[in-house]
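Trainee: I would like to learn how to read a model of this kind, feature by feature. Where should we begin?

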Amino acid sequence: MKGQEWYQENDVAEAYDDKRFTGGGQFIDRREKEAVLDALAPLEGKRILEVACGTGRFTVMLAGRGADIVGMDISEAMLEQGRRKAAATGVGGDLEFMQGDAGRLPFPDDHFDAVFAMRFFHLAPDPEGFIREMRRVTKRQVFFDTFNRYSARSVYNWALPMGSRLYSGREARELVVGSGLEVAGVDHDFVLPYGFYRAISRRVASPFRALDTSLGETAVGDRIASVSYWDARVPG
Ligand SMILES: C[S@@+](CC[C@H](N)C(=O)[O-])C[C@H]1O[C@@H](n2cnc3c(N)ncnc32)[C@H](O)[C@@H]1O
């Protein structure tokens, strides 16, 4: 379980946001936050669980917008970054961070309105077990992203130290349906992979992001996008 171990280290947790979401990476952070907000709206009073919340990028944002949110992660080091972020943003009293394993969520059935996980399924050694648990504790909605097999990410994916699993669209759909959920919507983005944005400044990245966004509006762009955002619902 490389992915689980990698994020336990303090230096990995401390560098997590800076390495990924500064410079050109700001476009990634913004797009991921948009995806989460679009999927989960309206937020006011909604009871939400974020699985594998890491440094709390989404947990803190959602607490600031009125959601009743719990962020859970297996790594204390990542959670500590989240607690600091929440305190610095002034929402420390409006959310709960807790340590736990996505494979055994410590909540009763149907406890939340929505459960989501970002940048997690590529690390999951047992995606079927994880999505089953997410489905068990939600009344209505599960939202997550996948990194895609038929995309530019496959060029460097093998070299990532924390290990990374890529999904075809068919595999991701089967995952959803196999857990008893229905696919309510799927969005694709990032023909240019995350690694490209992370390597360049925001200014240089800006025209590339515009090009990437227009490519993403085409059928070809959808097929070769490196990321997909899956909105799954409890039937009925
Ligand atoms: C790539 S980070 C993503 C963090 C956050 N969701 C984000 O998008 O910034 C993956 C996170 O999954 C967590 N993780 C890995 N295995 C886990 C498990 N079995 N249960 C809960 N969290 C886990 C790691 O500790 C890490 O914080």
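Mentor: We will go from the overall fold to the sheet, then to single residues and the ligand shell. Keep in mind that this is a predicted model.

Trainee: How many helices and strands does the chain have?

Mentor: The chain has 10 helices and 7 strands. Its radius of gyration is 17 Å, close to the 18 Å that the globule rule gives for 236 residues, so the chain is as compact as a globular protein of that length. The C-alpha trace spans about 45 × 40 × 35 Å along its principal axes.

Trainee: What part of the chain counts as buried?

Mentor: The cut-off for a buried residue is 20 or more other C-beta atoms within 10 Å of its own. By that count, 42% of the 236 residues are buried. Contacts can also be read by separation in sequence. Of those between residues at least 6 apart, 73% join residues at least 24 apart.

Trainee: Now the sheet. In what order do the strands lie?

Mentor: A sheet is read across its strands, not along the chain. Here the order is S3-S2-S1-S4-S5-S7-S6, in an open sheet of 7 strands with mixed pairing. At the edges are strand S3 (95–99) and strand S6 (182–189), each of which pairs on one side only. On average, neighbouring strands of this sheet are turned by 15 degrees against each other, direction ignored.

Trainee: Which way do S1 and S4 run, parallel or antiparallel?

Mentor: Strand S1 (residues 47–51) and strand S4 (residues 112–117) run parallel and are joined by 3 bridges. Glu50 stands opposite Phe116 in S4. S1 is also parallel to S2, with 5 bridges between them, and there Val51 stands opposite Met72 in S2. As for burial, 4 of the 5 residues of S1 are buried.

Trainee: Which strands does helix H7 lie across?

Mentor: Helix H7 (residues 169–178) lies across strand S5 (138–147), S6 and strand S7 (227–233), and runs at about 20 degrees to S7. Ser228 is found in strand S7. Contacts of Ser228, leaving aside neighbours within four places in sequence, include Gly169 and Ala172, as well as Val186, Asp187 and His188. Asp145, Thr146 and Asn148 are also in contact with Ser228.

Trainee: Why does Ser228 count as buried?

Mentor: Ser228 counts as buried because 21 C-beta neighbours lie inside 10 Å. To place Ser228 within the whole, compare its position with that of Glu80. The two residues are 148 apart along the chain, and their C-alpha atoms are separated by 28 Å.

Trainee: How should I read burial along a helix?

Mentor: An α-helix has 3.6 residues a turn, so residues three or four places apart point the same way. The case to look at here is H4. Helix H4 is mostly covered, with 6 of its 8 residues buried. They are Arg57, Phe58, Thr59, Val60, Leu62 and Ala63.

Trainee: What covers the buried residues of H4?

Mentor: The cover includes H3, S1, strand S2 (68–73), helix H5 (76–89) and S3. After H4 comes Gly66, with a positive phi near 95 degrees.

Trainee: Which residues have a positive phi although they are not glycines?

Mentor: Ala52 is one of them, with a phi of about 55 degrees. Ala52 is found in the loop between S1 and helix H4 (57–64), and it counts as buried, with 26 C-beta neighbours inside 10 Å. Phe190 is another, with a phi of about 65 degrees. The loop that holds Phe190 lies between S6 and helix H8 (194–198). Phe190 is buried too, with 27 other C-beta atoms within 10 Å.

Trainee: Which peptide bond is cis?

Mentor: For this, read omega. The bond from Ala41 to Pro42 is cis, with omega near -5 degrees. Pro42 sits in the loop between helix H3 (26–40) and S1.

Trainee: Last, the ligand. How many residues surround it?

Mentor: The ligand is surrounded by 19 residues, the closest being Tyr7, Ala52, Gly54, Ser75 and Ala102. By type, the shell divides into 9 nonpolar, 6 polar and 4 charged residues. Ala52 thus appears twice in our reading: among the closest residues to the ligand, and as a non-glycine residue with a positive phi.

Key:
Residues are numbered from 1 along each chain as its sequence is written. This is a predicted model: local features need pLDDT of at least 70, side-chain atom pairs count only at pLDDT 80 or more; totals for chains, interfaces and linings use all residues. A residue is near a molecule or strand if its C-beta atom, placed from the backbone, lies within 6 Å of it. Ala, Val, Leu, Ile, Met, Phe, Trp, Tyr, Cys and Pro count as nonpolar, Asp, Glu, Lys and Arg as charged, and the others, Gly among them, as polar. Helices (H or I, at least four residues) and strands (E, at least two) are DSSP runs, numbered from the N terminus. The radius of gyration is taken over C-alpha atoms; the globule rule is 2.2 Å times the number of residues to the power 0.38. A residue is buried if 20 or more other C-beta atoms lie within 10 Å of its own, exposed if 12 or fewer, and partly exposed in between; C-beta atoms are placed from the backbone. Two residues are in contact if their C-beta atoms, placed from the backbone, lie within 7 Å. Two strands pair if DSSP finds at least two bridges between them. Axes are lines fitted to C-alpha atoms, for helices over the stretch in contact, and angles run from 0 to 180 degrees between N-to-C directions.
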